[in-house]
Amino acid sequence: MPSLLTITDLSFTHIGRSQPTINPIHLTLQVGEIVLIAGATGSGKSTLLNCIAGISPIHTGGTLTGNIQYNHESILEWSVQQRSRILGIVLQNVETQLFTDQVTEELAFGLENLNLPPAQIGLLTNAALQEFGLESQRNWAITQLSAGQKQRLILACVLAMNQPLLLLDEPFAYLDRAGAELLLRLLKHRATQGQSILLVEHRLDLVKDVCDRVFQFEAGHLVEGGRALASVSVNRTGVESEEAIKHAPSGSHILQTQNVSWGGYPAFPDLEIGQGETVLLKGDNGCGKTTLLKLLCGLLKPSTGKIKLFGRNTRKQRVVHIAKTAGFVLQNPNHQLFGDSVRQEVLQPGVTTLAAEQMLEQLRLSDRAEQHPQSLSQGQKRRLALGAVLVRQPQLCLLDEITVGQDPQSLSLMLEVLRNFTQQGGTLILTSHDPQVADCLNARVIQIGSRG
Ligand SMILES: Nc1ncnc2c1ncn2[C@@H]1O[C@H](COP(=O)(O)OP(=O)(O)OP(=O)(O)O)[C@@H](O)[C@H]1O
Ligand SMILES: [Mg+2]
């Protein structure tokens with residue numbers, strides 16, 4: 001089969017770093033092939049995709065050596081825009097890739113850049129909305145979309161453009177089960193039609209059936225094959241011993257809700273959550289999980305109904321007051337990291353140096369302590385945002401899909417930290433589309449929205 005993409009001796013060093021993030025690597029991608037790139041958080045997966053798309057070093061700076069060829073022609077001198085003619089990229093952070101204010105406009109935007117006639121743009125837009133289950137959102141503002149719906153929209157935009165090469169950075173991260181199954185089917189189909197796909201994903205069990213070859217980043221090198229597949233399962237040590245906690249006799253409930261509704265969502269189920277419990281809110285993309293978390297911690301006020309947190313109606317309390325006992329880790333860590341360094345992010349007023357260092361150690365971030373939070377990889381940022389909230393020792397912690405994008409080892413660490421939190425009496429309410437998270441945390445699952 002002809003090789004579409006040929007990467008030779010590619011190495012990349014970020015600005016301000018003494019060591020290269022990517023050591024010289026070689027990779028070829030054939031026409032119609034799907035190749036998986038796995039590897040720990042911070043190992044260089046996104047950096048590689050950025051180098052191919054030209055984002056690095058053109059926009060990020062840094063030093064690139066080696067060569068990247070498309071159809072045997074070097075593309076290193078091509079601009080990002082030139083490269084976008086041959087490749088479509090789905091970035092890891094769903095917020096950074098949306099350019100317009102409205103769903104159909106967003107779809108038309110990319111297609112207009114390909115100079116397609118308006119009638120064809122209309123047809124392609126409708127087909128994409130239908131394919132990704134976004135027809136009822138066609139006139140919505142982008143800001144109304146959930147993270148999963150944003151991810152569906154970005155995928156719809158990129159796949160509609162039909163470039164020969166697709167670079168997908170964790171495209172399954174926020175998708176519900178139906179969305180993930182749809183995307184798997186689509187990728188397989190696109191590959192049989194001749195598109196070539198580089199896919200970054202940690203959950204190898206999810207994608208291994210559609211991938212032709214698997215690579216793993218290890219210490220900057222790209223290693224082909226089996227080790228990646230062997231590391232699928234997450235360490236479940238300690239789960240069984242927590243059986244008792246699942247339905248812990250709660251005595252008094254720390255959180256109770258009654259007939260809560262907000263905006264256009266159907267009323268949320270009534271919740272009664274006891275101290276030390278772990279509760280997982282489950283539901284399809286756009287069913288209102290993030291909205292419910294915001295209501296619970298007072299960031300939104302319910303349109304109807306009542307929320308009692310630690311015995312007090314949240315409607316009558318200020319958000320800053322609630323935040324003293326209830327921590328919230330947001331879905332997008334970029335919205336929550338403001339410090340000048342990783343250490344400063346956790347070393348907040350009232351937190352001892354020892355507690356801060358221990359938290360960094362537990363979350364495998366000690367070696368990053370001096371770095372700027374925004375220079376971390378996406379998975380590292382998620383662990384940091386969690387650490388910055390837990391270090392304040394809240395009694396209740398709300399976590400919005402924070403386990404996405406963690407390699408198996410990092411996910412084990414994160415789950416260990418969360419188990420320690422509940423063992424010490426903390427209460428967890430979290431959302432996640434990953435079934436093993438509920439399982440590993442022995443969580444009580446509560447369905448939001450209509451589907452079971
Ligand atoms: N702008 C930057 N400046 C300095 N270092 C950076 C920058 N961006 C990324 N890095 C570093 O490069 C390394 C690789 O980052 P990259 O985002 O490629 O990892 P990744 O494998 O995609 O991780 P994840 O699974 O968490 O997305 C990390 O150690 C990160 O801290
Ligand atoms: Mg990445």
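Modeller: In this predicted model, a residue is near a molecule if its C-beta atom, placed from the backbone, lies within 6 Å of it.

Biologist: Which of the residues around ligand 1 come nearest?

Modeller: The shell holds 22 residues, of which Thr41, Ser46, Thr47, Ser377 and Gly379 come nearest to ligand 1. Two helices, α1 (45-53) and α15 (378-390), each supply at least two residues of that shell.

Biologist: How many residues of the shell around ligand 1 are polar, and how many are charged or nonpolar?

Modeller: There are 18 polar residues, two charged and two nonpolar. Gly counts among the polar residues in this scheme.

Biologist: How do you know where ligand 1 lies with respect to domain 1 and domain 2?

Modeller: The chain is assigned domain 1 (3-230) and domain 2 (240-447). Both domains give residues to the shell around ligand 1, and therefore the ligand lies between them.

Biologist: How far apart are the C-alpha centres of the two domains, and how many residues does each give to the contact?

Modeller: The C-alpha centres of domain 1 and domain 2 are 29 Å apart. The contact draws 22 residues from domain 1 and 20 residues from domain 2. On the domain 1 side, α6 (147-161) and α7 (177-192) each supply at least two residues, and α6 gives the most, with four residues. By class, that side has eleven polar, six nonpolar and five charged residues.

Biologist: Helix α6 also packs with α4. Why is α4 called roughly parallel to α6?

Modeller: The axes of α4 (residues 103-113) and α6 are 9 Å apart and form an angle of about 30°. Angles under 35 degrees count as roughly parallel, so α4 is roughly parallel to α6. The crossing of α4 past α6 is right-handed.

Biologist: Which residues of α4 and α6 meet?

Modeller: Val103, Glu106, Leu107, Gly110 and Leu111 of α4 meet Leu153, Ala156, Cys157, Ala160 and Met161 of α6. Eight residues of this contact are nonpolar, one is polar and one is charged.

Biologist: What makes the peptide bond from serine 56 to proline 57 cis?

Modeller: Its omega is near 0°, and the bond is accordingly cis. Most peptide bonds are trans. Proline 57 is found in helix α2 (residues 55-58).

Biologist: What is the phi of phenylalanine 310, and where does this residue lie?

Modeller: Phi is near 50° at phenylalanine 310, a positive value in a residue other than glycine. Most residues other than glycine have a negative phi. Phenylalanine 310 is in the loop between β14 (304-309) and β15 (312-313).

Note on methods. Residues are numbered from 1 along each chain as its sequence is written. Chains are lettered from A and ligands numbered from 1 in the order in which they are written. This is a predicted model: local features need pLDDT of at least 70, side-chain atom pairs count only at pLDDT 80 or more; totals for chains, interfaces and linings use all residues. Domain bounds come from an automatic or database domain assignment. Two residues are in contact if their C-beta atoms, placed from the backbone, lie within 7 Å. Axes are lines fitted to C-alpha atoms, for helices over the stretch in contact, and angles run from 0 to 180 degrees between N-to-C directions. Angles under 35 degrees count as roughly parallel, over 145 as roughly antiparallel, 65 to 115 as roughly perpendicular and the rest as oblique. A crossing is left-handed if the near helix is turned anticlockwise from the far one by less than a right angle, and right-handed if clockwise.
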